2 protein chains.
Amino acid sequence: MQKFGGTSVGTPERIEAVAEQLTETVRAGHKVVVVVSAMAGETNRLLGLAHQIDSRPSTRELDMLAASGEQASIALLAIALIKRGYPAVSLLADQVGILTDNKFSRARILSVATERLWQELEQGHIVIVAGFQGRDIEGNITTLGRGGSDTTAVALAAALKADECQIFTDVDGIYSIDPRICSGAFRLPLVDSDSMLELASLGAKVLHSRSIEYAATHQVPLRVLSSFKPDQGSLICYQGAGMSLPKLTGIACQKDEVWLQLTGISSALQTQLFKEFARQSVETDLFTLLGPQQIGFSLNRSDLSVVEDLCRELAAKQSFDWLVFTGLAKLSIVGVGVKANPAVMAVVLEQLQALAADPVTMQCSEIKLSVLLLERHLASLANELHRLLLIEEI
Amino acid sequence: MQKFGGTSVGTPERIEAVAEQLTETVRAGHKVVVVVSAMAGETNRLLGLAHQIDSRPSTRELDMLAASGEQASIALLAIALIKRGYPAVSLLADQVGILTDNKFSRARILSVATERLWQELEQGHIVIVAGFQGRDIEGNITTLGRGGSDTTAVALAAALKADECQIFTDVDGIYSIDPRICSGAFRLPLVDSDSMLELASLGAKVLHSRSIEYAATHQVPLRVLSSFKPDQGSLICYQGAGMSLPKLTGIACQKDEVWLQLTGISSALQTQLFKEFARQSVETDLFTLLGPQQIGFSLNRSDLSVVEDLCRELAAKQSFDWLVFTGLAKLSIVGVGVKANPAVMAVVLEQLQALAADPVTMQCSEIKLSVLLLERHLASLANELHRLLLIEEI
């Protein structure tokens with residue numbers, strides 16, 4: 001099972017390069033199922049057309065529209081393979097049998113039929129499946145939301161019990177820290193799935209949380225590789241797989257964070273607020289109970305206007321106050337050994353003090369230690385912690 | 001039943017204009033099913049990508065690719081209608097149930113299911129169907145070839161027994177002659193379907209023959225209108241509909257014609273040649289038996305290289321000679337009264353003589369009189385004949 005993202009199939013030339021690479025896999029004796037995203041920029045172009053017509057378009061129709069992007073790219077890749085003499089067949093979600101729920105634009109896969117896939121594979125075909133999309137029980141086209149093509153690949157790999165699900169992207173693996181922030185960043189050959197899940201949800205954009213969750217649930221060996229240079233990439237593995245893992249995996253950095261502090265808000269209103277967050281897919285982090293009827297949480301700045309609208313709405317029913325702190329960043333140390341090792345916390349506190357960086361909040365869970373602080377302190381702290389915790393491993 | 005072509009939905013602004021027009025039809029109390037083509041230029045863009053990869057791409061995959069164009073446009077039109085408060089739903093061929101044979105890129109519709117269409121209409125939805133495409137019995141996407149969206153509209157109109165199938169295009173109807181050739185051209189309010197079929201096959205590009213054939217077989221009232229200015233357009237009607245029709249319908253002019261003369265070709269080879277033409281969709285006209293083992297026929301210059309290749313191939317088996325005459329044009333007078341009225345032939349012969357235009361060949365069938373002549377004589381002859389036969393009606 002291989003999956004190629006939008007930049008990997010962004011032009012006819014890139015599609016030919018992917019086809020070339022696939023023929024090598026086939027010559028090596030593998031049966032191949034490939035999941036492909038829309039050509040880079042295509043989904044945005046299509047959604048742009050929709051938004052020119054309506055700023056809040058029907059989600060059923062948006063999914064119908066967006067799904068056409070993958071339909072084009074799978075056909076083009078099939079054409080490139082057939083030209084090379086390799087029998088290939090492109091399949092849409094309904095032709096494979098990828099059933100989802102009916103939550104347009106963020107559907108979840110319910111089941112994957114394997115009959116047609118096996119039938120094509122047994123005929124010696126390279127099977128190319130449109131990523132990102134499914135059909136609900138009524139036959140409507142649905143899409144799986146951000147990172148949806150990865151989820152498609154993982155779901156197919158699970159259904160077919162594939163040896164490995166290889167996600168080809170424009171980076172060559174998972175790094176210990178964002179190389180743009182810290183030049184000492186190194187690639188992780190192995191990452192445990194729990195840490196990977198934390199890294200993904202903390203903004204390491206290589207894989208979307210949902211595909212990692214799906215892979216973990218079905219124990220699909222997941223490998224992230226570059227489609228531009230051949231290498232081993234990073235393999236995501238599971239507890240009990242007998243792998244020896246380092247105690248700390250990496251550091252995730254997330255800019256553009258804001259912190260909200262709500263005062264005098266009843267628990268009934270708190271409940272309502274978070275129900276609305278769930279409905280509107282607003283993701284919050286670092287939730288903290290600050291006192292009686294006083295809570296704080298972080299979120300990405302892009303969600304701030306939605307959240308403030310909600311606060312205004314609720315406060316109109318039953319008054320409460322809120323404060324917004326902007327210009328923040330979140331740094332998170334991730335790994336199975338985080339909580340077990342108080343030295344990690346000690347190092348973080350020491351470095352914060354050295355930088356005179358007063359954190360807005362800190363939180364430590366089983367495998368993650370997060371600090372919310374002013375964005376201007378992020379780079380220095382990240383570099384120091386990466387050196388101390390991941391390179392020198394004190 | 002309404003159908004909008006590619007230029008009618010070429011931009012988000014045009015799509016909004018179509019939506020606006022549809023809301024008027026709905027407010028007038030009609031239930032509406034709309035068939036939409038891909039946005040102008042989109043199909044060519046997609047096919048261009050395919051041809052960058054392979055000059056002779058797999059037709060199954062080409063159909064998969066091309067069909068994505070209509071998928072985008074139906075979703076965009078639905079979004080524009082929903083924005084205006086009109087419940088609309090876009091449907092693909094498999095969602096409607098449009099079954100075709102499996103001849104990729106030139107499939108024929110075998111059946112249209114109406115259950116889903118009626119169900120949506122009864123719920124008060126405007127139903128938007130992707131034109132040009134179907135599914136074969138195995139669930140592969142097929143396309144209907146040139147003019148395919150018109151065929152979709154006619155097939156749906158027939159299945160639903162619609163009052164009228166309205167084809168909105170960038171012209172406002174069927175004309176007595178190409179207005180670019182003759183300034184006296186006038187719009188025909190009524191055209192009988194036989195004449196329309198001849199006009200279409202003779203190169204009046206407004207409707208494709210296949211859609212007219214389909215309409216005639218199922219007696220679907222077909223109207224051609226402009227999507228840019230409101231008017232009555234041209235209605236295609238059927239014999240026995242009690243309409244009073246003029247004896248001559250119009251004059252069709254086709255440039256870029258060539259004439260082939262084959263000498264010393266056995267009837268066995270003639271048969272082989274025309275079987276190959278059928279297989280490769282080469283259209284010939286004005287076939288004439290010129291003598292023993294000697295035939296002549298006309299065709300469009302764009303097919304010449306294919307035909308010459310075939311001749312070379314066959315002549316290698318059993319030698320024969322051929323001559324090619326280029327720089328020709330075909331003028332055809334069409335109408336139910338053509339053969340019944342020898343005066344038409346007399347006028348044509350007289351005008352040819354006046355122009356000293358020696359025709360390569362002439363042929364007269366029940367409702368059509370065709371002349372093949374040098375292209376430089378076309379405009380003068382067309383103008384004179386239009387004046388004499390269609391305006392003065394001598």
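This report covers the enclosed cavities of a predicted model.

Rolling a probe the size of a water molecule over the atoms shows where empty space is left. Here the count comes to four cavities of 30 Å³ or more. The two at the top of the size order are taken in turn.

**Largest cavity.** The volume of the largest cavity is about 80 Å³. Its lining holds 14 residues. Closest to the centre are A:Glu42, A:Arg45, A:Leu46, A:Ser68 and B:Glu42. Both chains contribute: helix 2 (42–53) and helix 3 (59–83) of chain A, and helix 2 (42–53) and helix 3 (59–83) of chain B, each give two or more residues. Helix 2 of chain A gives the most, with four residues.

**Second largest cavity.** The volume of the second largest cavity is about 50 Å³. From chain A, the lining takes A:Gln71 and A:Leu92. From chain B come B:Gln71, B:Leu92, B:Ala93, B:Asp94, B:Gln133, B:Arg135 and B:Ile141. Two elements give two or more residues to this lining: helix 4 (93–96) and strand 7 (133–135), both of chain B.

**Lining by class.** The table sets out the residue classes.

| Cavity | Volume | Nonpolar | Polar | Charged |
|---|---|---|---|---|
| Largest cavity | about 80 Å³ | six residues | four residues | four residues |
| Second largest cavity | about 50 Å³ | four residues | three residues | two residues |

Named examples put residues to these classes. In the largest cavity, A:Glu42, A:Arg45 and B:Glu42 are among the charged lining residues. In the second largest cavity, B:Asp94 and B:Arg135 are the two charged residues.

Notes
Residues numbered from 1 in each chain as written. Chains lettered and ligands numbered in written order. Predicted model: local features only at pLDDT ≥ 70, side-chain atom pairs only at ≥ 80, totals over all residues. Heavy atoms only, no water. 1 Å grid on protein atoms, 1.4 Å probe; cavity = no way out; pocket = protein on both sides within 12 Å on 5 of 7 lines; lining within 4 Å. Points joined across faces, edges and corners; volume = space filled by probe spheres on them.
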